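Me: I'm new to reading protein models and would like a close look at a single part of this one. Could you walk me through it slowly?

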Amino acid sequence: MRYIPNSPEERQEMLQGLGLGSAEELFDSIPADIILKAPLDTPAALSEVELLERFEALGAKNAAARRPSFLGAGAYTHYAPTIVDSLIQRSEFFTAYTPYQPEISQGTLQAIFEFQTLVCQLTGMDVANASMYDGSTAMAEAVLMAERVTRRTRVLVSAAVHPEYLRVTETYVAHAGIELGRLEVEEATGRTRLDPAALDEGVAAVVIQSPNFFGCVEELKGFADAVHAAGALLVVVVTEAASFGLLRSPGACGADIVVAEGQSFGVPVSFGGPYVGLFATRERYARQIPGRLVGIAYDREGRRGFVLTLATREQHIRREKATSNICTNEGLIALAATIYMTTMGRRGLQEVAAQCAQKAAHARRQIAALEGFSVPYSAPVFNEFVVRAPSAAEGLLRRLAEGAGVTGGLALSRYFTERPNDILVCVTETNRRADIDALVEGLKAS
Amino acid sequence: MTITKATTHVTQNEALVFERSQSGRRGYRLPALDVEETALDELLPAELRREDDLEGVPELSEPDVVRHFTRISTWNYNIDLGLYPLGSCTMKYNSRLNERVARIQGFAGLHPLAPEEDAQGALEVMYELQRHLAEITGLPGVSLQPAAGAHGEMTGIMMIRAYLDARDGAAEGGERPRRNVMLIPDSAHGTNPASAHLSGFTVKTIRSTSEGLTDLEHLRELCSSGDVAGLMLTNPNTCGIFERNILEICRVIHEAGGLVYMDGANMNALVGVARPGDMGVDVIHLNLHKTFSTPHGGGGPGSGPCCCTAELEPFLPVPTVVRAGTETGDDAYRLEYDRPQSIGRVKAFYGNFGMHLRALAYILTHGNDGLREATEAAVLNARFIAQGLADTYERPFDSPPMHECLFTDKRQTRKGVHTLDIAKRLIDYGFHPMTIYFPLIVSGAMLIEPTESVGRAELQQFIDAMKEIAREAVEEAETVLGAPHTTRIGRLDEAAAARKPVLRWRPAGRSAGA
């Protein structure tokens, strides 16, 4: 095996040095009845050439990866500067462990400190952690944190939160004594409706996604005032991080916890992962935050460095009393996002967001003008919007893929059986005008 | 050994991206907008738009960004540089070939909500990986959804909760008594009790014996209470020792009506040699970023698949990947959502798919014989170190080590040197330190896991360095106590950092505190 430095002969010599006759004797402490008698029933080894052929052939079966696409709904195709992937492939970053030994992990630690700062700047919050697994688990952790902060057990979740995020949160809170309530969506605007009567003193938090799952930008400020008046926390979920470049930050709107999916920042869609969860909050809740935190520290000569800090919240010290069981975060993906945010910078993040919004507005106008099609919601959108088609969305999208060679969006029937004709369309800066034209023409013809 | 401090060279003093920023610099260029522009106010009313113009976000050119991250990267130790013997972390070689596989456009560019018929290659990858992991563990049910080890633990423990409730007809607040006690050895990783707590269990701790094994008598005693839901066991355990009573341990738990969860962090000692399913384990999580060499990435992304018995299979997260014949007779893969007993989703979409690709590439590159060969080489390397250091450092337990070996600082403390100092001094010899102060049951623990990815000569250099440090601990303790001496910064004051945490950069003139 070419990844094992010691040759079979060297290993034989090492065994002899240990006074062992064979490799089998290394496993003498395992009871004989459970030692495998036959080789594993997994395939024989492939050479590098064979392996690449195998995976290239499998990759080629994913026809959707070759088509222009208008799919969003929690995973977004954006342009990533070449240097993002190039830099994260440096051995020093991708083959390092969690930075437990700060003197020889300053590269990772400084990058995380920069990540935390950038997340604070974009979300408008005071403190951000070193990342979560993804947006969905970040939302679940935010709900658990809201219970810890408020000691209340009811959490109201907008029906316009990503359905998979809601499912994940349901799993996480199943044994936490937290009850999830639901806030309905207004059929005219596509925005979440907050019934003030639902905001009683048992409510720990209200969870709102903006732009919401249907693409509509929510009135967060109004929510914040009502939620705070009831002594609850406002948790804001963002699945499309590119929107931070244009929309008022959740922090500026009064959010107490902001969680987001950071995949839009230079990370490939990669069939759903790995992505990176962003988690930010107010300074007063810093010690309730789940996950890792990096802070500034100094050595004896006063030189600035960075360390993992506030570890007393974490499971290796607190064990069952920890703020979370999270240990590994998404280090390398957080690094990719950091490099992306730095490269695009103050101007580029705004330009990407503006292009997304402009192109989406263009596509929305064109589609709305098609006979039989409508855009049912009146609320402003960022880069996603719902289209109501004259026929079943699933068949329409299939014909569109075959006829026009375009993945036209998501049939909302995947999550909502009561919405057979609705399509969620996402437009980003990577969709050229010709793609949008093909989509519009294709819809007309389908 | 004469020691000179690192210089104050420019590459050793790279500022934060925010401090490097110069107004007007650009590192990107987008294609010009190719649709007619809509007035901003028409797109979004002003009160919904940002008003801070992203002040403080850096402005840098592309070379600035490349230099910045390249410079700070050189401050990291890494596997490609040398031995990284963190116990329980399995810092093995991360193949470049696997990186290439994960970047194939047909995978990297595939949207998770693409129609299943247009994502057959990706589903086949997941299905095949599930099958191989089932064979390796001897446990037929597999979910690739958990994103990390602790996430896999939580998933497995929630499955036990759901299975027991279904079997016993019990529920929270119901009439039938609910099994609420999760047994965890005192040597376990801290994520175990944290995951058990998240799943609603009360944790009871099992003592370890003087041999570093689970105390069977104590286990039997704890099982007699009648409310035991299960046991979370790492095997080989965190002392690097195989629990040789594993069959009896599983029997006791099963007879008490509980299930056995195995923390698979140490599977690198077992692949191709013995299978948890054959030991009586009911559910396990694997760390693809340990045993199956997906890169640790400076702390993630991980991937923590769960494998379980046929009895537990209905409780796995949704969706699972299944194979179904089509009318043409071809194989077709699809996502199965209709699983009424499932614990639900633990993550959006299907897990860290990029890690699934790398793990499958690892399994196929090794072949079945290579998988076993890697296990043998990993255990052999650990034995080599254990023997090499046996005369110098105290071994708390006599049992032969598996893939990692445990020592303490007991013989080195006379002049005030402790495990932390030994670890820091190793840095000066060019090695990453071992895992320290874990497991918690051993005072001054040093847990060393070399993995199979290191040659004999480098193992010997490590042993020599450890012996030299032991000598220094007695003859020139100050050298060890002041270590490291060769890094660009010295030991950092972590206590001060935690007292007044500064968790983000702020512009000059504003409060520096978080």
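In the open sheet of three strands in chain B, what is the order of the strands, and is the pairing parallel or antiparallel?

Reply: Happy to! Please keep in mind that this is a predicted model. For chain B the pLDDT averages 94, and 96% of the residues score at least 70. For the complex, the predictor gives an ipTM of 0.97 and a pTM of 0.97.

Now to your sheet. Its order is β10-β12-β11 in chain B, and the pairing is antiparallel. At the edges stand β10 (405–407) and β11 (435–436) of chain B; each has a single partner strand, so one side of each is left without a neighbour in the sheet. Look next at how β11(B) is held to its partner: two bridges join β11(B) to strand β12 (residues 446–448) of chain B, and these two strands run antiparallel. To find one of these pairings on your screen, start at T435(B), whose bridge partner in β12(B) is L447(B).

For a contrast, let's move to another place in chain B. Strand β5 (residues 259–264) of chain B pairs in the parallel sense with strand β4 (residues 228–234) of chain B, over five bridges. T234(B) has D263(B) in β5(B) as its bridge partner. Between the two strands, the chain leaves β4(B), passes through helix α10 (residues 246–255) of chain B and arrives at β5(B); this β-α-β crossover is right-handed. β5(B) also pairs in the parallel sense with strand β6 (residues 283–286) of chain B, this time over four bridges. Here D263(B) turns up again, standing opposite H285(B) in β6(B).

How covered is β5(B)? Six of its six residues are buried. Follow the side chains along the strand and you will see two groups: L259(B), Y261(B) and D263(B) point one way, while V260(B), M262(B) and G264(B) point the other way, and all are buried.

Stepping back, chain B also touches chain A. The contact brings together 167 residues of chain B and 156 residues of chain A. On the chain B side, helix α12 (residues 353–389) gives the most, with 22 residues. That side of chain B divides into 89 nonpolar, 47 polar and 31 charged residues.

Finally, a look at the partner. Chain A has twelve helices and twelve strands, and its C-alpha trace spans about 80 × 55 × 50 Å along its principal axes. Of the 446 residues in chain A, 60% are buried. Chain A is divided into domain 1 (67–78 + 345–445) and domain 2 (82–340). The contact between these domains takes 25 residues from domain 1 of chain A and 25 residues from domain 2 of chain A. On the domain 1 side, α10 (331–368) and β10 (384–388) of chain A each supply at least two residues, and α10(A) gives the most, with seven residues. The residues on that side of domain 1 divide into 17 nonpolar, seven polar and one charged. Watch the labels as you explore: the β10 in your sheet belongs to chain B, while the β10 at this domain contact belongs to chain A.

Technical notes:
Residues are numbered from 1 along each chain as its sequence is written. Chains are lettered from A and ligands numbered from 1 in the order in which they are written. pLDDT is the predictor's confidence in each residue, from 0 to 100. Domain bounds come from an automatic or database domain assignment. Two residues are in contact if their C-beta atoms, placed from the backbone, lie within 7 Å. Ala, Val, Leu, Ile, Met, Phe, Trp, Tyr, Cys and Pro count as nonpolar, Asp, Glu, Lys and Arg as charged, and the others, Gly among them, as polar. Two strands pair if DSSP finds at least two bridges between them. A residue is buried if 20 or more other C-beta atoms lie within 10 Å of its own, exposed if 12 or fewer, and partly exposed in between; C-beta atoms are placed from the backbone. A crossover is right-handed if, with the strands pointing away from the viewer, the path from the first strand over the helix to the second runs clockwise.
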